[in-house]
Amino acid sequence: MWLRNKLGEFFQDTKYVQLSSRLTLWYTLMLLVIMAATGLFTLAGVNFVLYHQAGQEIEISAKHVRQQPDLNRIMNPQDEDGLFLLPGVVLRIFDDGGKLVYDSNPHYFGMSHLEENTLENAPVWADSDRFKVVQFRSMVIYRHDMPMTIDSREYNMVFFKIVTAEHDSLEGIKQILLLSDLAGLLVAMLVGFALVRKALQPVRELNETAKAIQVDDLSARIEVSPAGDELTELATTFNTMLDRLERGFKAQQKFVSDASHELRTPLTVIHGYADMLERWGSKEPEVLAEAVEAIKSQSEEMQALVENLLFIARTDQKRQILKMQPLNMQEILVDVAKKMKVAIGDKHELKLLRHDEAFVMADETTLKEMLRIFLENSAKYTPEGGQITIDGWLNYQENIYKLELADDGIGIAKADQEKIFQRFYRVDSSRTKAAGQPGGTGLGLSIAKWIADSHNISIEIDSDLGRGTIFILKIPLLQDRRDKNVFSKGGRMN
Ligand code: ADP
């Protein structure tokens, strides 16, 4: 219990120790346990072998004694008896009165001395059922008592055999083992610590790099070692994360500077007209009318821009909520066409061609907003008197609703077609502005693209400079045909 508490406290403390020291500590501890276990097993093994051997020699000698016909033959073995008592085995015979009647080696230790030093608790490796252990100075002796009846008289045959004469040498081995274990442990600890530190070097570098990173400079990267291990993976992941952060941060910075730039123009114009008003506006009615008109149109542009910016901010923060529901494309197209006709006036001719009935899953507000963006662009980039068409039909093979929004305006060069969906991208704005078209902000199509993506709608462009533009949208149909039928018959949902 005490040990458990102490160990608990110890490892609690190690929480605050460096990872490298902690790893070394764990590893040293493991090594210590392994070394201690090996040492103990070796010692036990050596002792077991020694005791076992001595026991065997006594048993063989005892067997020879039992085979003798009489006491005289035991005391005076004949040549044909061969090796009677094995070397080192001493036999003492006592009669039933406890009197010593035979001693195979009178120079051996005295009986009283042997009896005084007999151990009460024999070591674990001793066979204590059959043998007693006598231990004194550096000597360990096995003793085996064997009662025997010869000529109807009881005798006690006592055998002795030295197990280890040099008890000290075993002690010496023990000490050497202990010392070499300790030295090995120390070396292992030092080498281990150095190795762990080296292995954890990339982690320290990672830490240093992480510390060096500032919000306005995300260019720092850590060196990726070619080892291909977990740390290489960690470093690569870390660098990739920084790449992403840096890209995102740069895009954010560009967005802010582009947005400010866009806002500056209308603000400058408004400021200019306000100045003009202040000087001459009250006296000259034409100046007053022009200034008011300009301020109004500029502030409208600014409002549209701010609304677009807010929409983008919401999509970036994943806050734009889409209320997806089954919508009848026919109703959507009729409604959008009606409103666009009002907005365009008699500048262009807007025709609603096919408008098949079919259901799609979409958010009504943003879907209409997307169509409005395409159609307003068509109106913006088509000279007066042009034609704009909306053509929508069902395509069952592809399970889509195909929608073509076309104009015969200025068209888009192939090189620009991929870029027009980028934020703030405008094709040669001076060209369109000079042509008397209202200048856009370059945000419309990026918003339309976001809406299309979030509805799984694909957009293709068919356009050439001077030929006009067709935006082809493929809107996924509501998958279930049964649903489609239910909705087309009065919009009731079961
Ligand atoms: P803007 O506010 O400039 O219209 P958009 O993102 O809506 O921004 O469009 C990006 C650019 O794509 C426009 O500046 C314009 O040059 C080009 N564009 C978009 N639609 C058309 C079109 N129907 N015909 C010709 N050019 C177009």
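1. In this predicted model, Arg143 is classed as buried because its relative accessibility is 7%, and buried residues are those under 20%. Its salt-bridge partner is E115, with 3.1 Å between the closest N and O atoms. The two residues come from distant parts of the chain: R143 belongs to strand β4 (residues 139-150), E115 belongs to helix α4, and 28 residues separate them. E115 is partly exposed, because its relative accessibility is 46% and that class lies between the 20% and 50% limits. The pair therefore joins a buried arginine to a partly exposed glutamate.

2. The salt bridge between R92 and D103 has a different setting: R92 is buried, and D103 is buried as well. Their side chains meet with an N to O distance of 3.1 Å. R92 is located in strand β1 (residues 90-95) and D103 in strand β2 (residues 100-103), so that the bridge connects distant parts of the chain that are 11 residues apart.

3. E59 and R130 form a further salt bridge, in which the closest N and O atoms are 2.8 Å apart. This pair also links distant parts of the chain, with a separation of 71 residues: E59 is in helix α2, while R130 is in the loop between α4 (111-116) and β3 (132-136). Both partners are partly exposed, E59 with a relative accessible area of 30% and R130 at 43% relative accessibility.

4. The pairs described above belong to a total of 26 salt bridges in the model. Beyond isolated pairs, R221, D243, E246 and K250 are linked in a network of salt bridges. A colleague inspecting the charged side chains may wish to view these four residues, R221, D243, E246 and K250, together.

5. Which residues are closest to the ligand? They are N377, K380, Y381, T441 and L445, out of 19 residues that surround the ligand. By residue class, this shell divides into 8 nonpolar, 8 polar and 3 charged residues.

6. Polar backbone atoms approach the ligand at several positions. A polar backbone atom of T441 is 2.8 Å from a ligand oxygen atom, and a backbone N or O atom of L445 also lies 2.8 Å from an oxygen atom of the ligand. For G444, the distance from a polar backbone atom to a ligand oxygen is 3.4 Å. The ligand would expose 530 Å² if taken alone, and the protein buries 98% of that area.

7. Where do the elements that give two or more residues to this shell lie in the sequence? They are α10 (364-380) and α13 (444-454). Helix α10 makes the greatest contribution, with 3 residues.

8. At the surface, W26, Y27 and L29 make a nonpolar patch of about 280 Å². Y27 is part of helix α2 (residues 19-66), the helix that also holds E59. Y27 counts as partly exposed because its relative accessibility is 35%, which lies between the 20% limit for buried residues and the 50% limit for exposed ones.

Technical notes
Residues are numbered from 1 along each chain as its sequence is written. This is a predicted model: local features need pLDDT of at least 70, side-chain atom pairs count only at pLDDT 80 or more; totals for chains, interfaces and linings use all residues. Side-chain values use heavy atoms; hydrogens and water are left out. Patches are made of residues with over 30% relative accessible area and no salt bridge: like charges are joined within 9 Å, nonpolar side chains (Val, Leu, Ile, Met, Phe, Trp, Tyr) within 5 Å. Accessible areas come from the Shrake-Rupley method with a 1.4 Å probe; for residues, only the protein chains shown count as cover. Helices (H or I, at least four residues) and strands (E, at least two) are DSSP runs, numbered from the N terminus. Buried means under 20% relative accessible area, exposed over 50%, partly exposed in between (1.4 Å probe, protein chains only). A residue is near a molecule or strand if one of its heavy atoms lies within 4 Å of it. A polar contact is a pair of N or O atoms within 3.5 Å; within protein, one must be able to donate a hydrogen and the other to accept it, and residues adjacent in sequence count only if both atoms are side-chain atoms. Ala, Val, Leu, Ile, Met, Phe, Trp, Tyr, Cys and Pro count as nonpolar, Asp, Glu, Lys and Arg as charged, and the others, Gly among them, as polar.
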